[in-house]
Amino acid sequence: MSGGAAHAGAFDDEIQRADDPVAKQREIEAQFKDGTDPFNAAARFTVHDVIEPNETRRRIQRALELSRSRRSQQPGPTARYGVMP
C-alpha cells in the first residue's frame with residue numbers, strides 16, 4: 001500500500017479542503033514518513049533488538065533453551081489443598 005493510500009482515508013476531509021490537495025497530501029505523508037521504519041518504531045517503544053525475519057526461529061529456540069536450563073526442577077503437577085471434587 002502506498003503512503004497516499006494509507007493516509008487518504010484518515011485525512012480525506014483535510015486534503016479535500018486544502019487549496020492545493022496534492023501539496024497537502026505530500027505534507028501529511030512527510031509527517032508520517034519517519035515513523036514507518038521498524039527501527040524508528042522500535043526506538044519509540046524501547047525495543048531492545050530488531051531481528052531479521054529469517055532469524056526469528058533461531059532466536060526463539062535459543063530463548064527457550066535458556067529458560068529450560070534455568071529451571072531448578074522439571075514442571076509437574078502443583079500441590080492443591082482443600083476439598084477435591
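# Salt bridges in a five-helix chain

K24 and E27 sit 3 residues apart in helix α3, about one turn of the helix. Their side chains meet in a salt bridge, 3.7 Å from N to O. This is a predicted model. Side chains of opposite charge can pair when their charged atoms come close.

Now step back to the whole chain. It has 5 helices and 0 strands. Read along the sequence, the pattern is α-α-α-α-α. Of its 85 residues, 8% count as buried. The chain exposes about 8,000 Å², and carbon and sulfur atoms supply 52% of that area. A search of the whole structure finds 5 salt bridges.

Return to K24. Helix α3, its home, spans residues 21-33. Is K24 buried or exposed? K24 counts as buried because its relative accessibility is 18%, and the cut-off for buried is under 20%. E27, its partner, is partly exposed, with a relative accessible area of 40%.

K24 has another charged partner. The side chains of E14 and K24 meet in a salt bridge of 3.2 Å, N to O. E14 lies in helix α2 (residues 12-17) and K24 in helix α3, so this pair ties together parts that are 10 residues apart in sequence. E14 counts as partly exposed, at 33% relative accessibility. Leaving out residues up to four places away in sequence, K24 touches E14, I15 and A18.

Next, move along the chain to D49. Where does D49 lie? D49 is in the loop between α4 (38-44) and α5 (56-69). At 43% relative accessibility, D49 counts as partly exposed. A polar contact of 2.8 Å joins its side chain to that of R59.

D49 also belongs to a wider group. Which residues are linked with D49 in a network of salt bridges? They are E55, R58 and R59. Within this network, the side chains of R58 and E55 meet in a salt bridge of 4.0 Å, N to O. R58 is exposed, with a relative accessible area of 55%.

Finally, look at F39. D49 and F39 are 10 residues apart in sequence and 8.9 Å apart in space, C-alpha to C-alpha. F39 is found in helix α4. F39 counts as exposed because its relative accessibility is 51%, and the cut-off for exposed is over 50%. Together with F45, V47 and V50, F39 makes a nonpolar surface patch of about 400 Å².

Note on methods:
Residues numbered from 1 in each chain as written. Predicted model: local features only at pLDDT ≥ 70, side-chain atom pairs only at ≥ 80, totals over all residues. Heavy atoms only, no water. Helix = DSSP H or I, 4+ residues; strand = E, 2+ residues; numbered from the N terminus. Buried < 20%, exposed > 50% of the residue type's maximum accessible area, 1.4 Å probe, protein only. Polar contact = N/O pair within 3.5 Å; in protein donor to acceptor, adjacent residues only side chain to side chain. Areas by Shrake-Rupley, 256 points an atom, 1.4 Å probe, with all protein chains shown as cover. Patch = residues over 30% accessible without salt bridge, like charges linked within 9 Å, V, L, I, M, F, W, Y side chains within 5 Å. Contact = heavy atoms within 4.5 Å.
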